[in-house]
Amino acid sequence: PTAIGARTDNRPDFPQGSLEKQDQDAEVGLTARWGMTPNLTLNLTGNPDFSQVEADAWQLDINQPFALFYPERRPFYTEGADFFSALESIIYTRMMRDPTWGLKLTGKERTHTIGAYVVRDRLTNLIFPGSQGSSSTSVDQANTSSVFRYKKDFGRRYTVGLLATDREGKDYYNRVYGFDLDFRFTRTNQIQLLVLGSKTRYPDEVASDYGQPSGSFSSGLISFEYDHNSRTWGWWADYEEAGPGFRADLGYYPRVGYRNAEGGLNYRWNAPPNSWWSLFMVGSEVNYFEDQDGNLLNRGASLWFAYNGTMQSSLFIRGWRTREGYNSRLFDQTYFSIEGGFWPTSNLMLLMSTVFGDQIDYENTRLGKRFRLTPYLTYNLGKHLRLSLAHTYERMTVQDARLYTANILQSTAIYQFNVRTFFRAIIQYVDYDYNVSKYTFEKDPKYRRFFTQLLFSYKINARTLLFLGYSDNYFGGQEFGLTQSDRTLFVKLGYAWV
């Protein structure tokens, strides 16, 4: 059981006025785990609170036509997540936004693997996928989300699985059902196949507002992948097809209405003992996307080079040449990416990635140039302090003029006082600067955000855990500087009976 007390203040007339109490509440929750057998576990959560979970790293959301993917961090969903894996992201637990209760069964008995969820969610998050972009909304109504995953092993190399998801709400449902195969014919050759169907009905108002079909509609998905991996050679081939009416509302599937074929080839050089390098690889891949009417979405080819060596150093260089169809126009693009890093000392890791070259300006349907730079480092100061720092810089130009400049700074510090106590601080700063004269529609010229999350954790004894947390948000724009919009303080106490 857990007891949580929290208070949230906000500024109703933001950015004017003062902070006022928005909510103050105390709640109790329950998390339980039962080892039904040595290999089968039942998890229960009631009125769960995830306020101590680490905040998501901010992702650059400018010029992104499809919904962004955020990794799951909540313990109820991360434990046993491998039992729900499939060739595609058909099960994406972040779509279960604010559960009031949940049941989860996971485990493997001999050749049988099973995973199942039933979750009652207070909110209904929706992603409306398309062939060239996606939109989303959150409907303030509850739903019941159910997931079933079963796999049967035949020997050590062959697996057959079943998958079904169901989400039911008022005047709404989404059901996905199908099967998959994973055949490893030899140690170096593998075939995977996923075949799914879906049936969906949105509330009439939602369907009208977001251009979705009225009434119930259905469609299917097929995904096939062949992989060959030996000590020196590797090659692969994929085929995917998703009908325009396919929906996986409990998954991450923001693109539908397409057919896609991909393939690649690589060669590996493995180092002899005591060499300054451990691996060199070169490879190439090609892809072809089209929509259900045969219109080109993307076709391209790439060449890449990879290296691993001393001091855990790595380097990956890739060049792409593509033709992309967007909004009834075709754009030829050439761009490059470089990723690298190394450990100069045992407690310091340095990484850097960059992307530069042609890039479509999706908001205005024209071709531009993009340059992105992302340095990252982690530093362990002794046994107690761990620091990480990441920065994303992106600049895009169109018609020889700057379109926007984006800076995202993220820092995390964790101090482990002892085995019972730690303190974590997360700071995020976002700065977007737009050249509004280059946009074909009205747009605010500036956006600023500053976010802080502080957490203190103390294990009072072997069964009792205390959390103290604080978070706040500051926003700013062209007309006003960074101004605090809200703040939240919470205390959480958990006790475990075993």
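Q: Which residues does S313 contact, leaving aside its neighbours within four places in sequence?
A: This is a predicted model, in which local features need pLDDT of at least 70 and side-chain atom pairs count only at pLDDT 80 or more, while totals for chains, interfaces and linings use all residues. Residues are numbered from 1 along each chain as its sequence is written, and side-chain values use heavy atoms, with hydrogens and water left out. Contact means heavy atoms within 4.5 Å. Once neighbours within four places in sequence are set aside, the contacts of S313 are Y307, N308, G341 and F342.

Q: Is S313 buried or exposed?
A: S313 is found in strand β17 (residues 313-326), where helices (H or I, at least four residues) and strands (E, at least two) are DSSP runs numbered from the N terminus. Buried means under 20% relative accessible area, exposed over 50%, and partly exposed in between, with a 1.4 Å probe and protein chains only. Because its relative accessibility is 12%, S313 counts as buried.

Q: Which residue has its backbone oxygen 2.7 Å from a polar atom of the S313 side chain?
A: A polar contact is a pair of N or O atoms within 3.5 Å; within protein, one must be able to donate a hydrogen and the other to accept it, and residues adjacent in sequence count only if both atoms are side-chain atoms. For the side chain of S313, a backbone oxygen lies at 2.7 Å, and it belongs to T310.

Q: Which residue places its backbone nitrogen 2.9 Å from a polar side-chain atom of S134?
A: S134 sits in the loop between β6 (124-128) and β7 (135-139). Residues up to four places away in sequence aside, S134 touches residues including P65, F66, I127 and P254. The backbone nitrogen at 2.9 Å from its side chain is that of A67.

Q: How many salt bridges are counted?
A: Side chains of opposite charge can pair when their charged atoms come close. A salt bridge here is a side-chain nitrogen of Lys or Arg within 4 Å of a carboxyl oxygen of Asp or Glu. By this rule the count is 23.

Q: How many residues apart in sequence are the parts tied together by E79 and R33?
A: The side chains of E79 and R33 form a salt bridge, at 2.8 Å from N to O. E79 lies in the loop between α1 (75-78) and β4 (99-109) and R33 in strand β2 (residues 20-37), so the separation of the parts they tie together, in residues, is 46.

Q: Which residues are joined into one network by salt bridges that share partners?
A: R73 and D56 meet in a salt bridge of 3.6 Å, N to O, and both residues of this pair lie in the loop between β3 (40-46) and α1, 17 residues apart. Elsewhere, salt bridges with shared partners make one network of R7, D9 and R487.

Q: Is D9, the salt-bridge partner of R7, buried or exposed?
A: R7 and D9 form a salt bridge in which the closest N and O atoms are 2.9 Å apart. R7 has a relative accessible area of 35% and is partly exposed. At 6% relative accessible area, D9 is buried.

Q: Which elements each supply at least two residues of the largest nonpolar core?
A: A nonpolar core is a set of buried Ala, Val, Leu, Ile, Met, Phe, Trp, Tyr and Cys residues joined through side-chain atoms within 4.5 Å. The largest has 23 residues, and those with the most contacts inside it are I90, Y117, L196, L221, F246 and Y253. At least two residues each come from α1, β5 and β11 (189-201).

Q: Which residues form the nonpolar surface patch of about 370 Å²?
A: Patches are made of residues with over 30% relative accessible area and no salt bridge, like charges being joined within 9 Å and nonpolar side chains (Val, Leu, Ile, Met, Phe, Trp, Tyr) within 5 Å. Accessible areas come from the Shrake-Rupley method with a 1.4 Å probe; for residues, only the protein chains shown count as cover. The nonpolar patch, with about 370 Å² of accessible area together, is formed by L30, L44, W101, L103 and V118.

Q: What is the approximate omega of the cis peptide bond that joins F14 and P15?
A: P15 lies in the loop between β1 (2-10) and β2. The peptide bond from F14 to P15 is cis, with omega about 5 degrees.
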